[in-house]
Every structure is written in structure tokens, then in C-alpha cells.
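Good morning, and thank you for coming. I would ask you to keep the sequence and the structure in view while I speak.

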Amino acid sequence: NLYLTTQLAEMETPMVIALNMMDALESNGCSIDVDELQNRLGIRVMPISASKGRGVQDLVTEALNIASKHIVHPHPVHYKNKIEDAIEKIRVSEEVPRLCAVKLIENDERLTKDIKSNETRETMEAVSEEFPDMETVIASKRYSFIKKTVNACVKRTGPNRQAQRTHKIDSVVCHPLFAIPLFLLIIFAIFEITFGPFGSMLSDWVDWLFNDKFASIVESGLNAMGVHDFVKRLVVEGVISGVGGVVTFFPQIMLLFLFLSFLEDSGYMARTAFIMDKFFIKLGLSGKSFVPMIMGFGCSVPAIMSVRTLENERDRKLTLMLIPFMSCGAKMPVYAVITAALFPNNAGIVTFCLYLIGILLGIISGIILSKTVFKGETPPFVLELPPYRMPTLKSTFRHMWDKAKDFAVRAGTVILLASVVIWLLQNLDLRLHMTSDPQTSILGHIGTIIAPVLAPCGFGKWQAAVSLISGFAAKEAIVSSMTILYGVSNSSALAGAIAQNFTPLQGFSFLIFILLYVPCIAAVSALKNELNSKKLTALSICWQIGAAWIMSM
């Protein structure tokens with residue numbers, strides 16, 4: 001996209017152009033005359049293939065060289081003489097880069113309020129009289145330059161096999177009738193593999209390794225050292241059991257993110273926004289809002305921050321209100337342990353239903369909010385669909401780890417701290433004396449106060465209430481809390497405890513509540529920053545808790 005390049009050149013910023021994916025270009029019947037492109041732009045152009053590492057080191061070396069010499073490139077686009085004269089006058093009087101002068105004669109609202117001299121205003125008025133639609137004149141000139149440059153530098157040498165392949169695949173995956181059923185089928189297959197026999201086998205292996213072998217080694221070591229019983233119980237029952245209850249499901253999280261990374265890198269995820277556009281128009285949103293919502297399946301925090309890319313403020317705020325309904329990866333360990341305990345033969349189906357319910361509640365909430373709090377026109381939807389590519393193992397695994405890394409970090413920080421605090425609160429009474437009866441502990445008293453509110457939802461027990469409170473720190477902490485509260489040491493024992501204390505209907509109601517209630521503290525903090533409104537943040541929290549309670553009840 002050379003439009004941005006022409007603007008950057010007018011900023012008079014030293015730069016190098018990285019001409020990426022040259023290998024893909026050449027294999028699809030196309031070539032670029034790099035020397036001619038460089039001459040026409042007046043900027044150093046470096047052909048590279050980032051995914052294969054070709055030319056990257058040369059690019060970095062050249063960038064450092066140009067930056068150190070602070071080489072300023074000539075601006076490639078020249079406008080009509082009268083416009084050029086006006087630009088030069090404004091540059092001198094305001095002491096600004098060329099692009100700022102261009103934006104001023106386009107009457108850019110953000111810059112016009114900072115004008116220093118009357119001479120600049122007179123120049124702007126004179127140009128506006130001769131060229132009433134200056135923004136269109138500037139854009140047309142840039143696109144004219146780009147078209148000539150592309151025609152001179154890009155040559156077709158054979159058939160574009162990638163475009164042909166993309167068109168054939170899109171005829172199926174973007175089909176008016178088949179697109180959404182196919183999308184649901186793909187997501188269902190992913191959950192069936194992740195939470196089915198294969199994913200469960202991986203989790204059982206980690207459970208045995210961490211909660212049995214590692215725990216017994218640590219306990220033996222502490223006994224040999226003669227450590228006090230209180231400290232030994234804190235480490236084994238609090239830290240290892242609490243963190244281990246979450247770590248057990250790390251393979252399943254990695255597996256889910258592996259599939260999602262593959263779909264993202266292949267180009268399919270961009271199609272989901274296009275597919276969902278018709279539905280999102282009914283919410284008063286465009287399909288572009290679906291991209292941050294899809295990101296919410298990984299983690300709500302980056303999904304919330306990605307909403308900044310939406311141009312319209314109303315769209316941003318409405319999308320921010322809907323993202324918490326998307327089931328983030330942190331809830332996966334909770335789904336895994338409860339579905340394994342209560343729905344062992346249908347774990348994949350139950351989990352798929354939870355994700356689907358989250359999306360449906362998001363849609364319903366969007367319809368209500370767009371007609372009440374966030375009234376306004378539906379914006380136009382423009383999206384660039386990338387061609388389909390076979391992702392490289394390196395990039396897929398890197399993206400998978402980037403998404404799973406947050407889970408690993410929280411397991412070693414937030415969840416570890418939460419496990420210690422929960423164990424202490426469960427074993428200490430209000431006088432801070434050790435107690436063997438959990439119900440007389442500090443946590444027991446807190447849970448007993450909250451439990452009646454949750455009774456209509458089917459799980460009015462103090463352990464469930466306390467575990468939901470711990471979920472505010474991190475949703476994975478629900479599992480570690482239940483592990484400690486039920487006094488078990490591994491995930492299979494926890495599954496047995498859940499099966500004794502919950503019927504399948506109560507368990508499903510509990511899962512619905514976890515799916516819909518307020519996200520973690522980090523997500524709420526990010527939501528407050530992006531909404532920039534205490535009232536809207538409070539509305540979001542109340543809306544989530546209300547939806548969770550009503551749906552569970």
C-alpha cells in the first residue's frame with residue numbers, strides 16, 4: 001500500500017521500504033523492478049522474505065545506516081503549482097514538515113486550531129476558494145502517482161495461482177449458505193479434539209507428572225529437612241495443589257491456541273469478519289468489530305486494546321461492552337475440569353455450547369445496547385481479505401506461544417499468590433487461629449454470606465461462592481480455589497469432588513455463570529481505560545453480572 005508511503009515521505013522522516021514476501025510474489029507469476037521503484041519513490045527499497053529470513057539482516061543494516069546519517073528523502077508526489085506554492089508558504093510560516101502543511105490546506109481539524117500566523121489562514125482561504133474539495137484533489141494526485149508507479153514497476157510473468165486458489169476456497173467458505181455452518185463445524189471440531197480423548201490424555205499426563213510425582217518429591221524433601229507442618233501444608237496443599245490444578249490444563253490451552261493460530265495465519269480468520277457482517281449490521285455494528293471479539297477467545301485484555309483500530313467512537317464503545325461475553329482462554333481450565341467430572345463423554349459438545357452461548361448473549365446484548373445506550377448509524381464495512389497461505393511451523397508455534405505465554409506467567413504469579421492467600425483464609429478463623437473446619441474459616445464466613453444470592457442459580461454453596469470471588473484475580477484461579485477448598489491434590493480427585501457436590505444441571509449452570517460474569521481485574525482495568533468512563537465501566541460490570549445470574553437462574 002503506497003498511499004501511506006507517500007504520506008511518510010512528506011513527513012521528511014528517514015526511512016527504508018521493506019518489500020516483503022518477494023518469494024510468494026515470484027511464485028505467483030509476478031515480478032517487481034526494484035531499481036525502478038526505488039528511483040520513482042526516491043527511497044531505498046529492500047526486497048525481503050521475512051518468514052524465511054531472507055534479506056532481513058541487510059534491511060536492518062541499511063535502516064541503521066540511513067537513520068545515523070538522517071537522510072531526508074525527496075517527496076515523490078508533486079501537486080499543482082498553486083498548491084505547491086501554498087504548501088511552501090505554510091511550511092515557512094508555521095515551521096512544520098511538508099505533510100502538516102498539506103493537512104492544513106486540507107483543513108484538518110486537529111491541526112487548524114494550532115495555527116500561529118494570520119498569513120497561513122489567508123493562504124488556506126485562497127487555496128480553498130480555487131480548490132473547494134482539496135482533500136479529494138490531494139488524494140487523487142497521490143493515487144495517480146501510485147498507479148503510474150505500479151504500472152511501471154510491477155510485471156505479470158505468469159498465472160497468479162495463489163489468487164486462483166483463494167477464489168476457489170472463498171467460493172465455499174464465504175458462500176451465503178455454507179459459510180456459517182462451516183465456521184461452526186470447524187470450531188466444534190477444534191473443541192472436540194482439545195477437550196476430547198486426545199486433549200484429556202495430555203492433561204492426565206501432566207496431572208500425574210506435576211501433582212503426583214513432583215508433589216511427592218517436594219513433600220519428601222520438606223520432611224527430610226524437618227520443615228514445620230504448617231509450612232509443609234502451605235507448600236503442598238496450597239501452592240502445588242493450587243497451581244497444579246491449573247497447570248494440568250496447559251496442554252489443552254496450547255492445543256486450542258495452536259488451532260486458532262493456524263486459522264489466523266492461513267487467512268481464514270479474516271473471512272469470519274466478512275461472514276459475520278450481515279449479523280453485525282443488525283447489532284448496529286460492522287463485521288470489523290468481530291475481529292476484536294474473536295481475539296477475545298484468546299485473552300480479553302489484548303482484544304479490548306485492539307478496539308482502538310475501529311474508527312467510529314460509538315462502534316468502539318459498543319464493541320468493548322460485548323468483548324467480555326467472548327469466552328477467554330483463562331476459562332478453559334474451569335471448563336475442562338467441570339466437563340471432565342460431569343460430562344465425561346460430551347466434554348467437547350458442552351464446551352462448544354458455552355462458546356456459542358457467549359456469542360449469542362453478545363449478539364442479544366449488542367441489539368439491546370445499540371437501540372438504547374449506543375444509538376447511531378451503522379458504519380460502512382471495508383476489509384482487506386488476505387490470500388490463503390499454508391502457515392509455516394515456526395510462525396504458527398510462535399503465535400501459539402505468544403498467546404499461551406500469558407497463561408504460563410499468570411500460573412507462576414497471580415495464581416500462585418491467589419493459591420497461598422486462599423489456603424491461608426481457608427485454614428484460619430476470624431481470630432487468625434488454625435481451624436480444621438473450613439466452614440468456620442474466614443473464607444467460610446465470606447462464602448456463607450454470598451451463597452444465598454447464588455442459591456436460585458443452583459449452586460448456593462460457600463465453596464462455589466468463594467471460588468467465583470477468586471476468579472476476579474484470574475479465571476484460572478477458580479480451579480486452584482476449588483482444589484484447595486475441597487482438600488484434594490490433583491485434577492482427578494477434584495473431578496470426583498465436583499461430581500459429589502454438583503449435579504450435571506448445577507454444574508452446567510455454574511459454567512454459564514463463569515462464562516458470563518465479570519472478567520478478571522486486568523480486563524476490567526483495560527476496559528475502564530478504553531471506555532474512559534466510570535459510568536460505562538460500572539454499566540458493563542452490572543450488565544455482565546446480571547446476565548450471568550439471570551441465565552444461570
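Let us begin with Ile 498, in what is a predicted model. Leaving aside residues up to four places away in sequence, Ile 498 touches Val 337, Ile 338, Ala 341, Leu 342 and Met 482. Ile 498 belongs to the largest nonpolar core, which has 87 residues. Which members of this core touch the most other members? They are Ile 338, Phe 459, Ile 498, Phe 502 and Phe 510. As for where the core draws its residues, helix 20, residues 347–371, gives the largest share, with nine. There is also a second core, separate from this one, of 32 residues, including Leu 2, Val 77, Ala 86 and Ile 90.

I turn now to the aromatic rings. The structure holds seven aromatic pairs. In one of them, Tyr 3 and Tyr 143 have ring centres 4.8 Å apart. The planes of these two rings stand at 35 degrees, and the pair is therefore tilted, since tilted pairs lie between the limits of 30 and 60 degrees. This pair links distant parts of the chain: Tyr 3 lies in helix 1 (residues 2–10) and Tyr 143 in helix 9 (residues 134–153), 140 residues apart. Is Tyr 3 buried or exposed? Its relative accessibility is 18%, so Tyr 3 counts as buried, the limit being under 20%.

A further pair is formed by Phe 513 and Tyr 517, with ring centres 5.5 Å apart and planes at 35 degrees, so this pair is tilted as well. Both Phe 513 and Tyr 517 are buried. These two residues also belong to one aromatic cluster, together with Phe 459, Phe 502 and Phe 510. Phe 459, Phe 502 and Phe 510 have been named already, among the core residues that touch the most other members.

Next, helix 23, which comprises residues 442–454. How far should its 13 residues span? At 1.5 Å a residue, the expected span is 18 Å, because the rule multiplies by one less than the number of residues. The C-alpha atoms at the two ends are 19 Å apart, which agrees with that expectation. Helix 23 nevertheless bends by about 30 degrees at Thr 448, and a proline, Pro 452, follows within four residues. The buried residues of helix 23 include Ile 442, Leu 443, Gly 444, Gly 447, Ala 451 and Leu 454.

Let me now consider the cysteines. A disulfide is a covalent bond between the sulfur atoms of two cysteines. How many disulfides are counted here? The count is zero. Cys 353 is in no disulfide, and the nearest cysteine sulfur, that of Cys 328, is 19 Å away. Cys 328 is buried, because its relative accessible area is 9%. Cys 353, at 30% relative accessibility, counts as partly exposed.

Finally, I draw your attention to the backbone. Most residues other than glycine have a negative phi. Met 21, however, has a positive phi, near 60 degrees. Met 21 is found in the loop between strand 1 (17–19) and helix 2 (22–27), and it is partly exposed, with a relative accessible area of 33%. Asn 532 likewise has a positive phi, near 55 degrees. Asn 532 sits in the loop between helix 28 (521–531) and helix 29 (534–552). With a relative accessible area of 68%, Asn 532 is exposed.

Technical notes
Residues are numbered from 1 along each chain as its sequence is written. This is a predicted model: local features need pLDDT of at least 70, side-chain atom pairs count only at pLDDT 80 or more; totals for chains, interfaces and linings use all residues. Side-chain values use heavy atoms; hydrogens and water are left out. A nonpolar core is a set of buried Ala, Val, Leu, Ile, Met, Phe, Trp, Tyr and Cys residues joined through side-chain atoms within 4.5 Å. Buried means under 20% relative accessible area, exposed over 50%, partly exposed in between (1.4 Å probe, protein chains only). Contact means heavy atoms within 4.5 Å. The bend at a residue is the angle between axes fitted to the seven residues ending there and the seven starting there. A disulfide is a pair of cysteine sulfur atoms within 2.5 Å. Rings of Phe, Tyr and Trp (its six-membered ring) pair if their centres lie within 6.5 Å; planes under 30 degrees apart count as stacked, over 60 as edge-to-face and the rest as tilted.
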